[in-house]
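Please open the model in a viewer and keep the selection tool at hand. The tour below proceeds stop by stop, stating at each one what to select and what is found there.

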Amino acid sequence: MVVLVVATASDPASIGPAAAFLAMPGWSPGPPIPEGMESFTNGNVRLLKHERSIVAEDDLDRRWQEATGEAVSEVIFLSKHTAVSNRPALTVHPIGVPHLREDETPPQGGRPGWAGVPNPRIGPWFRLMQKVAADQGLVPEFEITLEATHHGPLTSTPTMFVEIGSTQEYWGRQDAAQAIALVLWKGLGLEEGNAVGTWLGSGEKVLLGIGGGHYAPRHMDIVIKDGVWVGHLLSGYSLPMEAPPQVNGKSSGEVGGMWKHSIKVSYEATKAGFPGGEVIAHLDQK
């Protein structure tokens, strides 16, 4: 089984960390990919570079196996992050658009109603990222944060996004790219052979965050203080609710909307990502 790290040349916050990662020892050219993509290999890690939007290439895990015969155990995407605040940030998050109805078009990839299998490394790598960023002098300039579940592309194996935000000025920052490369290097065990965040199915608690804002501050507090594993994080916008019909001025029936489906598929995907784990729902009622 191999770990697939995906970068795109169309995004400076993706290709920058990829270049810094490839500058580290042990890399060699990877197997030829018939779709015009470039690949590199280092132990059980494969780095795949393409030219399109990072959310535009679906099923890269399946396509890699079909092209090379190597089964993919997990996928890690490198990407830019945008935010209204424009604050510099390093982020990590699971993917999916579980709150969208079938007749809605996902604005950034994925499939309506779908929740990807979360990569078990999300929580441990968030904590590793905090340490690396502090050691590299990026804190307090850069915020280190989790993000709620959002966007695509489609994958079948445990997946996470690692991002640099939040404007052009920071997407190309070499020190931020180096920090992400160090997280990859250490996190995948290429430095000392001990990977960070490998799930062993030990029955530990896994947080399923429900409610709150996009940056999941209350969920993040638990992740930092208690060191729990992290599954899907569903912010308020991923829990759309519709008022039940009115009969004689009173509500009749259940609250509608995609909120229930969103929780269900995110729970199921989290269970799939952490076999043998105990999924605990943590509610932010805000």
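Helices in this tour are DSSP runs of H or I with at least four residues, strands are runs of E with at least two, and both are numbered from the N terminus. The model is a predicted one.

**Stop 1: helix 2 and its surroundings**

Select residues 60-68, which form helix 2. Its buried residues are Leu 60, Asp 61, Arg 63 and Trp 64. Viewed down the axis of helix 2, these buried residues fall within an arc of 165°, so they line one face of the helix. Next, display strand 1 (2-8), strand 3 (38-42), strand 4 (45-50) and strand 5 (72-82), which are among the elements covering the buried residues of helix 2.

Now move to the residue that follows the helix: Gly 69 has a positive phi, near 85°. Then go back to Asp 59, in the loop between strand 4 and helix 2. Asp 59 also deserves a check of its backbone, since its phi is positive, about 55°, although it is not a glycine. Most residues other than glycine have a negative phi.

**Stop 2: two strand residues**

Select His 50 in strand 4. Is His 50 buried or exposed? His 50 has a relative accessible area of 3% and is buried. Leaving aside neighbours within four places in sequence, the contacts of His 50 are Val 6, Ala 7, Thr 8, Ala 9, Met 37, Glu 57 and Leu 60. Leu 60 was met above as one of the buried residues of helix 2.

Continue to Thr 41, a residue of strand 3. With a relative accessible area of 15%, Thr 41 is buried, the cut-off for that class being under 20%. Draw a distance between the C-alpha atoms of Thr 41 and Ser 28: they are 13 residues apart along the chain and separated by 5.4 Å. Not counting residues up to four places away in sequence, Thr 41 touches Gly 26, Trp 27, Ser 28, Pro 29, Gly 30 and Arg 46.

**Stop 3: a loop after strand 5**

Select Asn 86, in the loop between strand 5 and strand 6 (89-93). The phi of Asn 86 is positive, about 65°, although this residue is not a glycine. Asn 86 is partly exposed, with a relative accessible area of 42%.

**Stop 4: helix 3 and its two partners**

Select residues 122-135, the 14 residues of helix 3. From first C-alpha to last, helix 3 reaches 20 Å, close to the 20 Å expected at 1.5 Å a residue. Colour its buried residues: Ile 122, Gly 123, Pro 124, Trp 125, Phe 126, Leu 128, Met 129, Val 132 and Ala 133.

Add helix 5 (residues 174-187), whose axis comes within 10 Å of that of helix 3 and crosses it at roughly 130°. That angle makes helix 3 oblique to helix 5. The crossing is right-handed. On the helix 3 side, Trp 125, Leu 128, Met 129 and Val 132 meet Ala 179, Ile 180, Leu 182, Val 183, Leu 184, Lys 186 and Gly 187 of helix 5.

At what angle do helix 3 and helix 6 (residues 217-226) pack? The angle is about 80°, with the axes 10 Å apart. Helix 3 and helix 6 are therefore roughly perpendicular to each other. Gly 123, Phe 126, Arg 127 and Gln 130 of helix 3 make the contact with Met 220, Val 223 and Ile 224 of helix 6.

**Stop 5: beyond helix 3**

Helix 3 is followed by Gly 137, where phi is positive, near 80°. Further on, Pro 140 lies in the loop between helix 3 and strand 7 (143-146). The peptide bond from Val 139 to Pro 140 is cis, with omega near 15°. A second cis bond leads from Gly 152 to Pro 153, with omega near 10°. Pro 153 belongs to the loop between strand 7 and strand 8 (159-166). Most peptide bonds are trans.

**Stop 6: Leu 207**

End at Leu 207, in strand 9 (residues 205-210). Leu 207 counts as buried, at 4% relative accessibility. Its C-alpha atom is 8.6 Å from that of Ile 222, 15 residues away along the chain. Beyond four places in sequence, Leu 207 touches residues including His 219, Ile 222, Val 228, Trp 229, Ile 280 and His 282.

Methods: Residues numbered from 1 in each chain as written. Predicted model: local features only at pLDDT ≥ 70, side-chain atom pairs only at ≥ 80, totals over all residues. Heavy atoms only, no water. Expected span 1.5 Å × (residues − 1). Buried < 20%, exposed > 50% of the residue type's maximum accessible area, 1.4 Å probe, protein only. Arc of directions from axis to C-beta. Contact = heavy atoms within 4.5 Å. Axes fitted to C-alpha atoms, helices over the stretch in contact; angles between N-to-C directions. Parallel < 35°, antiparallel > 145°, perpendicular 65-115°, else oblique. Left-handed = near helix turned anticlockwise from the far one by under 90°.
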